[in-house]
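Here is a short note on the model, point by point. Please read it with the coordinates open.

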Amino acid sequence: MKKKALVVLLAMAMVFTFVLSACGGGGSEDDTLTVVTEATFPPFESTDEESGEIVGFDPEMMAAIAEDQGLKLEWVNMEFDSLIPALQSDQGDIICAGMNKLAGDRAQKVDFGDTYFESDLMLLVPIDSDLTGIDSVKSDMKLASQIGTTGGDKVQEMQEAGQIAEGIVLNQWTDCYLQMQNGEVQGVIVDKPVGEAYLNSHSDTAKFVGESFGDHEEFAFAVQKGNTELLEKLNTGLANIKENGKYQELVDKWFS
Amino acid sequence: MDVYLKGFLIACKGIPTTVVVSLIAIVLGAALGLLLALCSQTKSKILQVIAKVYVDVIRGTPMLVQALIMAYGVPWLLQSWGSAFKWDNLGGLVVPAVIVCGCNSAAYMSEVIRSGIQAIDKGQMEAARSLGMTHGMAMRLIIIPQAVRVILPAFANEFVTLIKETSVLGYVGVVEILRRGQLWNSSSFETFPAYIGVALAYMILTIPLSKIINGYERKVARRESAA
Amino acid sequence: MSMIEIKGLEKSFGDLEVLKGIDQNVEEGEVLCIVGPSGSGKSTMLRCINRLEEPTAGEIYIDGELVTDKNIDSMRTKMGMVFQSFNLFPHKSVLENLTIGPLNVKKANEAEIKEKAMKLLERVGLAAKANEYPRNLSGGQQQRVAIARALAMDPEVILFDEPTSALDPEMVGEVLDVMKDLAKEGMTMVVVTHEMGFAKEVANKVIFMDGGYIVEQGTPDAVLNHPQEARTKDFLSKVLV
């Protein structure tokens, strides 16, 4: 009786997966492309408090590329974990979310474009912390990071290796910062540009310590597996805005 | 198929945390729920109002919001008043998680317990009082033991509900069943196997429990009809 | 000094006046039967004596001591009560129903309490049922246990609230027999009842109540065989058919 129920459930699961992948080939008739992102990753993307618009380096860079290539874009905000499944199930055409193309096996699920930003991990700590860098972290300490980021993977690795007591993986960077300021964790492992954006407004309460560490990160946009036509357009657009100075203008605007 | 099995096994690693949090929370919820039920039954208007406001606030807000306030907001507030309070001193973020689940459960349990007490014939209280028992003695020896039998199925159902509701605790950093799946998904992008695994892990907890409750209810029904 | 003194007792439920001024004494060793139509206030009067109902006005004295909210728990240990619907504790065995009061209220020696409880069960003819649960007993047996439970507290008086009204007719006799034995042994009893035969045989005094007043009182022979008041005659003509 129980076994039968399990078989039925798994059969349903497989049928559902099959239907999803069967639908994957299609696309919207409309020529507007859907860009999916998770807008809690400033300065790459965040939601403007007043207008509710998604703002940041990524939207402006993509807008410049779209203008160069004559594309129409529409942005959809979702959980970071849902971005790749969204492309796989054809609910989006492009991911642009400060996504590291070197992490995990992401590159097997979607096709990444050329790198538009390189980053490294940094240890962010409260201003009065005695820590001097990632190597000074003790095994009884706790560190936080955001789910689905390289920092999130890093704190879990450190916990498993016994380098820290607990790696707390939260849904948002803001939760990580709050936990650090509340004293629940001793530091946050964060992407350097993200941490820099926080320090812009919180340099009196927090600081980076030590050198960058961990795996080198390369941020890139991604398209559905095999959509080379779109990927080439985006790569060409990126090359063009790098050449005409628009790209540098945006870097200066968002990361200084 | 291997990937589904992996998803299931990963989700199962969260079972101890889910079970421990649920168990402590249901005990806390039952104790606090009994206290609230007794408050709502007393003659004291103040106690009645306290119990009523508590139940309204808890039932009127999502548990996720309560968890976020308890885990993030409370330390922030206390520290802004100059206290050195942090959950880490009390054992980590699982502490506010258990408190929130317990407090939440208490609001529901108090209603269940109250209706259980009211279901006991008032002649029982009169008979107990006529023997010279105080109100408290009569509650403890006569009313509550009978009410417990009435509410046991509802109590167990609340436990099943609580097990499922603990899934919101991942938001405050507790690595229970759902969070295990989410963390694996975030690095492997095996979304469907991850969540199917999570669902199955919850089911191996909740379905046997529901069966036990049904069995007990049938047994009680048989006994009542035999009497 | 009377065992029970009732002075100016009034009781209202909201606007409804159920007792409109009752004055009555009960002497030690007396069996007082209260009769009257339903709604006459006889059960309410009984329940006011041990304060299961809070009197609206008036005073009750037991052994000359005023019954108040403060001393009610200790006063109740002097007054046993037997209910129409038995009200045995269903989650306790027959023996435990007898011992739970003395054990928790009087805090006396457990072995002595059990021994005494067994003697009481023998007296009501139910020693063999000591370890049964109330749901396995007939109505008549349950009521006999309820009487034994009241006796287990060593009361000075027992209040009976229509003790046979909820019983099947063939079980009324066994309960009345236990009550007659109690009366013979000199137990003070106040009995609200519809059993006129019992009242005639056992009572020292009968009260007829109607509309919240005591209409007529006296010996059983005077009240039940030679009533003076029209309302008493009317009532008796209906129940004695």
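1. Start with Arg51(C). Its relative accessibility is 17%, so Arg51(C) counts as buried; the cut-off for that class is under 20%. Keep in mind throughout that this is a predicted model. Arg51(C) makes a salt bridge with Asp69(C), with 3.1 Å between the closest N and O atoms. The pair links distant parts of the chain, 18 residues apart. Arg51(C) sits in the loop between α1 (42-49) and β4 (57-62) of chain C. Asp69(C) sits in the loop between β5 (65-66) and α2 (72-76) of chain C. Asp69(C) has a relative accessible area of 46% and is therefore partly exposed.

2. Stay in that α1 to β4 loop of chain C, since Glu53(C) lies there too. Is Glu53(C) buried or exposed? Glu53(C) is buried, because its relative accessible area is 17% and the limit is 20%. Glu53(C) belongs to a network of salt bridges that also takes in Lys122(B), Glu126(B) and Arg47(C). Residues of chain B and chain C are thus both named in this network. For a backbone check, take Glu53(C) and Phe13(C): 40 residues apart along the chain, with 9.9 Å between their C-alpha atoms.

3. Next, Glu174(C) and Arg144(C). Their side chains meet in a salt bridge at 2.4 Å, N to O. This pair also links distant parts of the chain, 30 residues apart. Glu174(C) is in helix α6 (residues 169-184) of chain C, and Arg144(C) is in helix α5 (residues 139-151) of chain C. Arg144(C) counts as buried because its relative accessibility is 12%. Glu174(C), at 25%, counts as partly exposed.

4. Lys119(C) and Glu115(C) give a local case. The salt bridge between their side chains is 3.7 Å, N to O. Why are the two residues about one helical turn apart? They are four residues apart in helix α4 (residues 110-123) of chain C, so about one turn separates them. Lys119(C) is exposed, with a relative accessible area of 55%. Over all chains, the count comes to 27 salt bridges.

5. Now the fold of chain B. Chain B has nine helices and zero strands. From the N terminus on, its elements run α-α-α-α-α-α-α-α-α. Of its 227 residues, 45% count as buried.

6. Aromatic pairs come to 14 over all chains. One of them joins Tyr4(B) and Phe192(B) in an edge-to-face arrangement. The ring centres are 6.4 Å apart, with 85° between the planes. Tyr4(B) lies in helix α1 (residues 2-12) of chain B and Phe192(B) in helix α9 of chain B, so the pair ties together parts that are 188 residues apart in sequence. Tyr4(B) is buried, at a relative accessible area of 13%. Phe192(B) counts as partly exposed, at 23% relative accessibility.

7. Chain A has an aromatic cluster. Ring pairs link Phe41(A), Phe44(A), Phe57(A), Tyr116(A), Phe117(A), Phe219(A), Phe221(A) and Tyr247(A).

8. Back to helix α9 of chain B, which spans residues 191-226 and holds Lys211(B). Which residues gather with Lys211(B) in a patch of positive charge on the surface? They are Arg218(B), Lys219(B) and Arg222(B). Lys211(B) counts as exposed because its relative accessibility is 52%, and that class begins over 50%.

9. A nonpolar patch also lies on the surface of chain B. Ile46(B), Leu47(B) and Ile50(B) form it, with about 290 Å² of accessible area together. Ile50(B) is in helix α3 (residues 45-59) of chain B.

10. Last, a contact across the sequence of chain B. Glu165(B) and Cys101(B) are 64 residues apart in sequence, yet 8.1 Å apart in space, C-alpha to C-alpha. Glu165(B) is in helix α7 (residues 135-165) of chain B. At 28% relative accessibility, Glu165(B) counts as partly exposed.

Key: Residues are numbered from 1 along each chain as its sequence is written. Chains are lettered from A and ligands numbered from 1 in the order in which they are written. This is a predicted model: local features need pLDDT of at least 70, side-chain atom pairs count only at pLDDT 80 or more; totals for chains, interfaces and linings use all residues. Side-chain values use heavy atoms; hydrogens and water are left out. Patches are made of residues with over 30% relative accessible area and no salt bridge: like charges are joined within 9 Å, nonpolar side chains (Val, Leu, Ile, Met, Phe, Trp, Tyr) within 5 Å. Accessible areas come from the Shrake-Rupley method with a 1.4 Å probe; for residues, only the protein chains shown count as cover. A salt bridge is a side-chain nitrogen of Lys or Arg within 4 Å of a carboxyl oxygen of Asp or Glu. Lys and Arg count as positive and Asp and Glu as negative; His and the chain ends are not counted. The place of a charge is taken as NZ of Lys, CZ of Arg, CG of Asp or CD of Glu. Buried means under 20% relative accessible area, exposed over 50%, partly exposed in between (1.4 Å probe, protein chains only). Rings of Phe, Tyr and Trp (its six-membered ring) pair if their centres lie within 6.5 Å; planes under 30 degrees apart count as stacked, over 60 as edge-to-face and the rest as tilted.
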